[in-house]
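Hi,

Here is the structure I promised to send over. Have a look at it first, and then read on for my notes.

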Amino acid sequence: PRPVPSPWPGEGMGVLYGQVRIGPLCPVEPCPNPTPDVYSSRSLILETEAGKSVEVPLMQDGWFKAPVAVGVYIVTLTNCDFLGCKTALPRKVEVVADGVTILEIDIDTGIR
């Protein structure tokens with residue numbers, strides 16, 4: 001039989017998984033006009049205390065999943081100019097070896 005591949009990306013690695021939610025995007029939900037692509041045009045930036053950074057792109061629905069080296073990261077979001085970015089970010093997250101670290105970020109745009 002063939003060996004089953006490991007679900008983990010490698011030694012000293014873990015998986016960062018979760019979702020960024022940004023909203024509301026217009027004063028009336030659901031928005032009467034199509035909203036611009038608010039997610040896949042952005043990425044999470046994970047920065048270590050040593051100053052190294054990793055960019056994790058968001059999918060069109062705000063979800064992300066990425067193999068990441070084990071460690072503690074400060075998380076920010078590119079192009080985050082919404083009102084709620086200052087209260088939701090930065091976030092501190094610890095990625096553990098051979099594990100899945102779940103991170104959920106809710107950003108309130110302030111649109112009412």
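How many of the 5 residues of strand 2 are buried? Before the answer, one caveat: this is a predicted model, so please read everything below in that light.

Now the answer: 4 of the 5 are buried, so strand 2 is largely enclosed by the rest of the structure. Two strands pair with strand 2. With strand 3 (residues 53–57) the pairing is antiparallel and runs over 5 bridges, and I45 has E55 in strand 3 as its bridge partner. The hairpin of these two strands has 5 residues between them, and G51 takes a positive phi near 95 degrees there. Strand 5 is also antiparallel to strand 2, joined to it by 4 bridges. In that pairing L44 stands opposite L77.

That pair leads straight to the core. The largest nonpolar core has 24 residues, and both L44 and L77 are in the group with the most contacts inside it, along with V20, F64, I105 and I107. Two or more residues come from each of strand 1, strand 2 (43–47), strand 4, strand 5 (71–77), helix 1 (85–88), strand 6 and strand 7. If you want one residue to click on, try L77: leaving aside residues up to four places away in sequence, L77 touches V20, I22, R42, S43, L44, L58, L89 and I107.

Zooming out, the protein has 1 helix and 7 strands, in the pattern β-β-β-β-β-α-β-β along the sequence. Of its 112 residues, 33% are buried. Among contacts with a separation of 6 or more, 61% are between residues 24 or more positions apart. The accessible surface comes to about 7200 Å², and carbon and sulfur atoms account for 56% of that.

Next, the sheet. There is an open sheet of 3 strands, in the order 4-1-7 and with mixed pairing. Why do strand 4 and strand 7 each have one side without a neighbour in the sheet? Strand 4 (63–69) and strand 7 (100–108) stand at the edges with a single partner strand each, so one side of each stays free of a neighbour in the sheet. From one strand to the next, the twist averages 25 degrees. Strand 1 (residues 13–23) and strand 4 run antiparallel and are joined by 7 bridges; one example to look up is Q19, whose bridge partner in strand 4 is W63.

Two more spots bring distant parts of the sequence together:

- E94 sits in strand 6 (residues 91–95). Its C-alpha atom is 4.3 Å from that of V72, although the two are 22 residues apart along the chain. Not counting residues up to four places away in sequence, E94 touches G71, V72 and T101.
- P27 belongs to the loop between strand 1 and strand 2. P27 has a relative accessible area of 59%, above the 50% cut-off, so P27 is exposed. P27 and R112 are 85 residues apart in sequence, yet their C-alpha atoms are 4.7 Å apart in space. Beyond residues up to four places away in sequence, P27 touches I111 and R112.

That's what I have for now. Shout if you'd like to go through any of it together.

Cheers

Conventions:
Residues numbered from 1 in each chain as written. Predicted model: local features only at pLDDT ≥ 70, side-chain atom pairs only at ≥ 80, totals over all residues. Heavy atoms only, no water. Pairing = 2+ DSSP bridges. Axes fitted to C-alpha atoms, helices over the stretch in contact; angles between N-to-C directions. Contact = heavy atoms within 4.5 Å. Core = buried A, V, L, I, M, F, W, Y, C linked by side-chain atoms within 4.5 Å. Buried < 20%, exposed > 50% of the residue type's maximum accessible area, 1.4 Å probe, protein only. Areas by Shrake-Rupley, 256 points an atom, 1.4 Å probe, with all protein chains shown as cover.
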